[in-house]
Amino acid sequence: MKISNELRDFQKRIGHAFADPGLLTEAVTHASMSSPTRGDNQRLEFLGDRVLGLAMAQALLEADTEAAEGKLAPRFNALVRKETCADVAREIDVGAVLRLGRSEMLSGGRRKEALLGDAMEAVIAAVYLDAGFDAAQAMIIRLWGKRIGDVDADARDAKTAMQEWAQAKGLQPPRYVEVGREGPDHAPVFTIAAQLTTGASAQATAKSKRQAEQAAAAALLAQMEKTQ
């Protein structure tokens with residue numbers, strides 16, 4: 001099966017030449033482009049998430065042979081979450097090779113975090129099916145690079161940390177309220193406020209609601225710890 005020059009270049013960026021190029025084509029085909037005769041990447045995304053998880057769990061165990069599960073789990077979550085997958089996808093320009101339907105194309109699908117993260121997981125699965133776990137693991141370690149060694153020693157989810165702090169003080173968990181949204185529909189920017197029942201609050205702005213909520217939670221927690 002022949003592939004486009006764009007996909008050939010993409011193979012170089014990920015460091016893997018496919019024996020079955022059809023797997024790569026499927027991995028970069030969004031559901032908006034699927035048809036009865038052309039599959040999409042949703043099934044591969046499902047598999048790739050699990051391959052990524054196994055590869056990252058092993059990498060973390062090898063990187064820190066003394067860390068307890070309570071330390072490894074948040075590091076793991078930070079490395080496999082959708083936002084991290086999307087960041088890696090941007091670095092290797094997955095968006096340039098995504099096959100999208102017209103509606104997704106017009107709405108800026110090549111830049112959407114969810115689409116990029118899903119496609120990155122699908123590419124991982126495609127490499128796994130094409131050449132086995134060792135090849136997929138090697139690609140993951142190479143592409144994630146310094147992220148593995150630099151992941152915070154305690155990479156707790158900021159919202160979880162904020163909720164634990166509130167519970168320890170006998171307070172209700174904070175509420176997260178959207179207080180602003182700017183930009184075009186295909187690239188919105190959200191402002192979220194994290195609010196406690198005491199009246200304390202902090203705001204943050206990001207390109208996704210989840211990122212804004214996390215940043216607001218981190219800001220509120222820092223504010224509360226400073227006043228204690």
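**Entry 1: helix H5 and its cover**

I began with the surroundings of helix H5, and found that what covers its buried residues includes helix H3 (42–63), helix H4 (69–80), helix H7 (113–131), helix H8 (133–144), helix H9 (146–150) and helix H11 (209–227). I was working on a predicted model, in which local features need pLDDT of at least 70 and side-chain atom pairs count only at pLDDT 80 or more, while totals for chains, interfaces and linings use all residues. I numbered residues from 1 along each chain as its sequence is written, and side-chain values use heavy atoms, with hydrogens and water left out.

For the elements I kept to DSSP runs numbered from the N terminus, helices being H or I of at least four residues and strands E of at least two. Contact here means heavy atoms within 4.5 Å. I took buried as under 20% relative accessible area, exposed as over 50% and partly exposed as in between, with a 1.4 Å probe and protein chains only.

Within H5 itself, which spans residues 82–91, I noted Glu83, Thr84, Cys85, Ala86, Val88 and Ala89 as buried.

**Entry 2: aspartate 93**

Following the chain past H5, I came to aspartate 93, which sits in the loop between H5 and helix H6 (102–106). Its phi is positive, about 55 degrees, although the residue is not a glycine. I set beside this the general rule that most residues other than glycine have a negative phi. Is aspartate 93 buried or exposed? It falls between the two, because a relative accessibility of 40% counts as partly exposed.

**Entry 3: the chain as a whole**

I then stepped back to the whole chain and listed 11 helices and three strands, which run from the N terminus as α-α-α-α-α-α-α-α-α-α-β-β-β-α. The C-alpha atoms fill a box of roughly 65 × 45 × 25 Å, taken along the principal axes. Of the 228 residues, 43% count as buried. Among contacts between residues at least 6 apart in sequence, 55% join residues at least 24 apart.

**Entry 4: alanine 125 and the packing of H3 on H7**

I looked up alanine 125, a residue of helix H7, and found it buried, with a relative accessible area of 0%. Which residues does alanine 125 contact, leaving aside its neighbours within four places in sequence? They are Leu44, Leu47 and Gly48, and these three H3 residues recur in the helix contact below.

For the packing I used axes that are lines fitted to C-alpha atoms, for helices over the stretch in contact, with angles running from 0 to 180 degrees between N-to-C directions. H3 and H7 pack at about 80 degrees, their axes 7 Å apart. That makes H3 roughly perpendicular to H7, on a scale where angles under 35 degrees count as roughly parallel, over 145 as roughly antiparallel, 65 to 115 as roughly perpendicular and the rest as oblique. Leu44, Glu45, Leu47, Gly48, Asp49, Val51 and Leu52 of H3 meet Asp118, Glu121, Ala122, Ile124, Ala125, Ala126, Tyr128 and Leu129 of H7. By class, I recorded 10 nonpolar, one polar and four charged residues in this contact, counting Ala, Val, Leu, Ile, Met, Phe, Trp, Tyr, Cys and Pro as nonpolar, Asp, Glu, Lys and Arg as charged, and the others, Gly among them, as polar.

**Entry 5: H7 on H8**

H7 also packs on H8, at an angle of about 145 degrees and with the axes 6 Å apart. Met120, Val123, Ile124, Val127, Tyr128 and Ala131 of H7 meet Phe133, Ala135, Ala136, Met139, Ile140, Leu143 and Trp144 of H8. Here I recorded 13 nonpolar, no polar and no charged residues.

**Entry 6: the sheet**

Last, I turned to the open sheet of three strands, whose order is E1-E2-E3 with antiparallel pairing; two strands pair if DSSP finds at least two bridges between them. E1 and strand E3 (201–206) are the edge strands, each pairing on one side only, and the twist averages 20 degrees from one strand to the next.

E1 (residues 175–182) and E2 (residues 189–195) pair over seven bridges, among which I picked out arginine 181 with phenylalanine 190 in E2 as its partner. Six residues lie between these strands in their hairpin, where glycine 183 takes a positive phi near 90 degrees. E2 and E3 pair over six bridges, and the partner of alanine 193 in E3 is glutamine 203. H11 lies across E1, E2 and E3, running at about 145 degrees to E3.
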